[in-house]
Amino acid sequence: MMNLEFLVGYCKNKIEQYPVLRGDIEDFCYLAHDEVEQGNSEPHEVRLALSDIEQLIEDYLQRIKELEIELKQLKGEL
């Protein structure tokens with residue numbers, strides 16, 4: 001079920017996998033908590049947080065790939 005308890009566990013798992021993203025992941029988790037406390041739908045806010053976290057990770061991994069390509073190009077120029 002899409003609830004805050006699930007989100008917290010998911011966030012902990014992703015922070016273990018991507019510690020460099022800890023602050024951003026925690027921010028999404030806190031935002032979902034705040035939105036639910038203000039009366040918004042828990043499943044909806046959890047889905048939004050999960051989507052945002054997945055996008056964050058996807059962007060991070062894409063940037064790493066881009067940097068690896070740039071590094072290879074620079075090494076080739078040396």
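A residue counts as buried when its relative accessible area is under 20%, as exposed when that area is over 50%, and as partly exposed in between. The exercises below apply this scale to a predicted model.

**Exercise 1. Classify R22 and E26, and state what links their side chains.**

Step 1. R22 has a relative accessible area of 45%, and it is therefore partly exposed. E26, at 23% relative accessibility, counts as partly exposed as well.

Step 2. Both residues belong to helix α2, which covers residues 22-37, and they stand four residues apart, about one turn of the helix. An α-helix has 3.6 residues a turn, so residues three or four places apart point the same way.

Step 3. A salt bridge requires a side-chain nitrogen of Lys or Arg within 4 Å of a carboxyl oxygen of Asp or Glu. The closest N and O atoms of R22 and E26 are 3.0 Å apart, and the pair forms a salt bridge.

**Exercise 2. Determine how many salt bridges the rule yields, and which residues are joined into one network.**

Step 1. The count by this rule comes to three salt bridges, one of which is the R22 and E26 pair, already treated above.

Step 2. In helix α3, R63 and E66 are three residues apart, which means that about one helical turn separates them. Their side chains meet in a salt bridge, with an N to O distance of 3.2 Å. R63 is partly exposed, its relative accessible area being 39%, and E66 is likewise partly exposed, with a value of 33%.

Step 3. R63 also meets the side chain of E70 in a salt bridge, here with 3.7 Å from N to O. E70, at 39% relative accessibility, counts as partly exposed. Salt bridges that share partners thus join R63, E66 and E70 into one network.

**Exercise 3. Examine E45: is it buried or exposed, and which side chain of opposite charge is nearest?**

Step 1. E45 is found in helix α3, which comprises residues 42-77.

Step 2. E45 is buried, yet it has no salt bridge. Side chains of opposite charge can pair when their charged atoms come close. For E45 the nearest side chain of opposite charge is that of R47, 9.2 Å away.

Step 3. When neighbours within four places in sequence are left aside, the residues in contact with E45 are A32, E35, V36 and N40.

**Exercise 4. Describe helix α1 by its span, its N-terminal cap and its two faces.**

Step 1. Helix α1 runs over residues 4-17, 14 residues in total, and it reaches 20 Å from its first C-alpha to its last, close to the 20 Å expected at 1.5 Å a residue.

Step 2. The N-terminal end of α1 is capped by N3, a side-chain oxygen of which lies 3.2 Å from the backbone nitrogen of E5.

Step 3. The buried residues of α1 are L4, L7, Y10, C11, K14 and I15. They cover an arc of only 135 degrees around the axis, and therefore they lie on the same side of α1. The face turned away from this buried side carries the exposed residues E5, K12 and E16.

**Exercise 5. Place F6 in its surroundings, and compare its separation from L21 in sequence with that in space.**

Step 1. F6 lies in helix α1 and, because its relative accessible area is 38%, it is partly exposed.

Step 2. Apart from neighbours within four places in sequence, F6 is in contact with M1 and L50.

Step 3. Between F6 and L21 there is a separation of 15 residues in sequence and of 19 Å in space, taken from C-alpha to C-alpha.

Key: Residues numbered from 1 in each chain as written. Predicted model: local features only at pLDDT ≥ 70, side-chain atom pairs only at ≥ 80, totals over all residues. Heavy atoms only, no water. Expected span 1.5 Å × (residues − 1). Buried < 20%, exposed > 50% of the residue type's maximum accessible area, 1.4 Å probe, protein only. Arc of directions from axis to C-beta. Polar contact = N/O pair within 3.5 Å; in protein donor to acceptor, adjacent residues only side chain to side chain. Lys, Arg positive; Asp, Glu negative; His and termini not counted. Contact = heavy atoms within 4.5 Å.
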